[in-house]
Number of protein chains: 2
Amino acid sequence: MKINNKTNILIVGLGIVGGSYARGFTKKGFKVHAIDTNPETIEFALKNNIIAEGTTEIDAELIGKADIVISGLYPHTFKEWIKENQKYFKSGALITDVTGVKGCIVYDVQNMLREDCEYIAAHPMAGCERLGVQNSNEKIFYDANYIVVPTEKNTEEAIDTCRHIGEILQFARISEISPEEHDEMIGFVSQLTHCIAMSLMTCDHTENLEDYTGDSFRDLTRIARIDETLWSELFLLNKDALLHQMKLFTMEISKLERMLMEADKEGIKDMMRRSTARRKLFDKERMD
Amino acid sequence: MKINNKTNILIVGLGIVGGSYARGFTKKGFKVHAIDTNPETIEFALKNNIIAEGTTEIDAELIGKADIVISGLYPHTFKEWIKENQKYFKSGALITDVTGVKGCIVYDVQNMLREDCEYIAAHPMAGCERLGVQNSNEKIFYDANYIVVPTEKNTEEAIDTCRHIGEILQFARISEISPEEHDEMIGFVSQLTHCIAMSLMTCDHTENLEDYTGDSFRDLTRIARIDETLWSELFLLNKDALLHQMKLFTMEISKLERMLMEADKEGIKDMMRRSTARRKLFDKERMD
């Protein structure tokens with residue numbers, strides 16, 4: 001499918017990411033339709049010209065005219081929604097999503113989907129600790145990675161269209177990996193980091209600590225403000241990969257603990273040098 | 001001592017923090033002198049009007065005319081420098097510093113110092129992962145906490161003067177705690193965070209990981225670029241407090257690990273709620 005200005009886009013679930021998708025497409029001249037169960041969300045999106053049309057109901061006609069259906073729903077809800085509503089899809093419709101775990105979603109959805117439609121998974125690695133369409137902003141993508149997560153079932157055409165979505169939304173970088181690679185990587189760079197931030201935030205109960213904190217502590221705990229419904233689901237759906245990464249991390253911090261106990265200055269310095277060298281690879285300046 | 005435009009300020013060790021002090025004082029019209037062993041540092045500082053006078057030598061006259069001597073040296077070097085050079089101090093001189101650990105410094109320096117001078121400890125909680133006077137910037141203080149760390153030996157007058165330094169440099173917040181409270185707090189908000197960032201940075205060796213990372217990982221590892229000479233010294237000087245904080249943290253992350261293994265969704269959600277609630281206290285918007 002070639003995306004052009006006649007392409008009908010339907011976003012299901014207009015939260016922070018779905019809302020930002022809507023803003024991005026609308027800005028580029030697309031007609032964006034949306035379904036969200038929350039009336040305030042739809043009202044806000046219409047009033048602010050984030051979408052052209054929207055409803056809180058299952059609207060067979062609205063779903064039926066969509067060339068591209070993008071799910072901004074939570075993983076479990078996404079699967080259920082497809083099951084219930086795929087009967088309304090236009091033949092040839094392309095389905096994609098924004099969910100942060102893939103292995104437990106992609107195969108199930110591909111297996112249950114009608115033969116005349118195609119589901120291609122994607123993960124926009126952007127977000128915000130504030131929720132809802134009210135906080136959505138298409139600019140969160142300009143600096144972010146967009147990952148296409150195809151399986152053997154996907155056609156080259158669908159992969160190309162999915163990449164094109166990332167281009168239209170102006171992601172900084174577009175890449176392609178398998179569901180398994182995706183989940184391992186996300187267990188590390190996203191889920192483990194949230195586990196660490198939460199643990200750091202809750203492990204000390206000193207009062208008025210906020211009066212003495214510098215930027216380091218604020219940086220490390222920014223993501224400790226966490227949506228418990230979404231993230232408890234994401235953690236559990238990716239449990240094995242996440243537990244593996246937590247193990248690697250806790251073994252590493254225990255090593256440092258031992259070096260401290262033994263006052264092994266050279267060992268500590270060596271770890272600091274390796275840390276500094278590896279962190280340099282992650283500098284944005286280098287990438288842009 | 002009342003600080004006025006005739007007050008002579010000497011900064012010893014013109015690194016990122018010492019250099020930023022120099023810029024801040026110079027901007028406010030003070031005559032700032034500096035001693036640093038690195039000729040390039042002094043040359044840069046003179047050329048860029050960060051200081052009025054500077055030398056790489058021990059200059060008895062320069063030291064002798066200082067009303068306030070501020071050490072920007074590493075902890076051990078600071079003690080040695082005082083021992084060697086206090087003979088040159090003007091009678092009545094006030095000595096202060098910027099070191100990030102206090103218990104192992106403050107009492108020793110106060111005990112060895114000449115009776116006619118006074119040392120009052122301070123910790124500006126600001127810094128930068130880039131080093132040297134070349135990267136110094138007085139603006140790093142505008143958003144930061146300045147902590148005065150007095151002992152029973154300190155006079156009210158010295159405490160007031162030390163606070164005044166924080167005001168002149170435009171710190172966002174000035175507070176006062178004991179060396180013991182300081183070290184416990186810093187073990188948590190600063191040293192533990194660096195331990196975590198380092199461990200996160202070095203625990204996984206996946207190549208090209210930088211292509212897939214979002215802001216969370218970058219935020220959590222910003223401080224993984226770490227000056228090994230300074231920080232290995234800081235860690236070991238505050239070993240007991242730091243090990244205690246590491247224990248608290250690793251116990252907390254193990255709790256989360258267990259909940260994940262047991263798929264205890266309610267327990268995970270509860271921890272996420274507590275994390276979110278506590279993080280809100282640390283929002284800068286709230287404080288400013």
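The exercises below look at a predicted model of two chains, A and B, and each is followed by a worked solution.

Residues are numbered from 1 along each chain as its sequence is written, while chains are lettered from A in the order in which they are written. Because this is a predicted model, local features need pLDDT of at least 70 and side-chain atom pairs count only at pLDDT 80 or more, whereas totals for chains, interfaces and linings use all residues.

**Exercise 1. The overall form of chain A**

Task: Describe chain A by its elements, its extent and its radius of gyration.

Solution. Start with the elements, where helices (H or I, at least four residues) and strands (E, at least two) are DSSP runs numbered from the N terminus. Chain A holds twelve helices and nine strands. Next, take the extent of the C-alpha trace, which spans about 70 × 45 × 35 Å along its principal axes. Then turn to the radius of gyration, which is taken over C-alpha atoms, with a globule rule of 2.2 Å times the number of residues to the power 0.38. For 288 residues a compact globule would have a radius of gyration near 19 Å, and the 21 Å of chain A agrees with this. Finally, consider burial: a residue is buried if 20 or more other C-beta atoms lie within 10 Å of its own, exposed if 12 or fewer, and partly exposed in between, with C-beta atoms placed from the backbone. By this count, 49% of the 288 residues of chain A are buried.

**Exercise 2. Two loop residues of chain B**

Task: For B:Gln170, find whether the residue is buried, exposed or partly exposed, and do the same for B:Asn208.

Solution. First place the residues: B:Gln170 lies in the loop between helix H6 (156-168) and S9 of chain B, and B:Asn208 is in the loop between H7 and H8 of chain B. Then look at the backbone, where phi of B:Gln170 is near 60°, a positive value in a residue other than glycine, and phi of B:Asn208 is likewise positive and near 60°. Lastly, count neighbours: B:Gln170 is partly exposed because 16 other C-beta atoms lie within 10 Å, and B:Asn208 counts as exposed because there are 9 C-beta neighbours inside 10 Å.

**Exercise 3. A helix pair within chain B**

Task: Describe how helix H7 (residues 179-202) and helix H10 (residues 239-261) of chain B cross.

Solution. Two packed helices are described by the angle between their axes and the distance between the axes. Axes are lines fitted to C-alpha atoms, for helices over the stretch in contact, and angles run from 0 to 180 degrees between N-to-C directions. The axes of H7(B) and H10(B) come within 8 Å and cross at roughly 60°. That angle makes H7(B) oblique to H10(B), given that angles under 35 degrees count as roughly parallel, over 145 as roughly antiparallel, 65 to 115 as roughly perpendicular and the rest as oblique. As for the residues in contact (C-beta atoms, placed from the backbone, within 7 Å), H7(B) contributes several, including B:Phe188, B:Leu192 and B:Cys195, and H10(B) contributes others, among them B:Leu242, B:Met246 and B:Phe249.

**Exercise 4. Where the chains meet**

Task: How many residues of chain B are in contact with chain A, and which element gives the largest share?

Solution. Begin with the total, which is 74 residues of chain B in contact with 74 residues of chain A. The largest share of the chain B side, 14 residues, comes from H7(B). Now examine one helix pair across the chains: the axes of helix H11 (residues 265-280) of chain A and H9(B) come within 9 Å and cross at roughly 135°, which makes H11(A) oblique to H9(B). Among the residues of this contact are A:Ile268 and A:Met272 of H11(A) and B:Trp231 and B:Phe235 of H9(B).

**Exercise 5. The surroundings of A:Met246**

Task: Which residues does A:Met246 touch, not counting residues up to four places away in sequence?

Solution. A:Met246 is found in helix H10 of chain A, and with 24 other C-beta atoms within 10 Å A:Met246 is buried. The residues that A:Met246 touches are A:Leu192, A:Cys195, B:Ile253 and B:Glu257. The C-alpha atoms of A:Met246 and A:Ile196, 50 residues apart along the chain, are separated by 8.9 Å.

Definitions and conventions
Contact = placed C-beta atoms within 7 Å.
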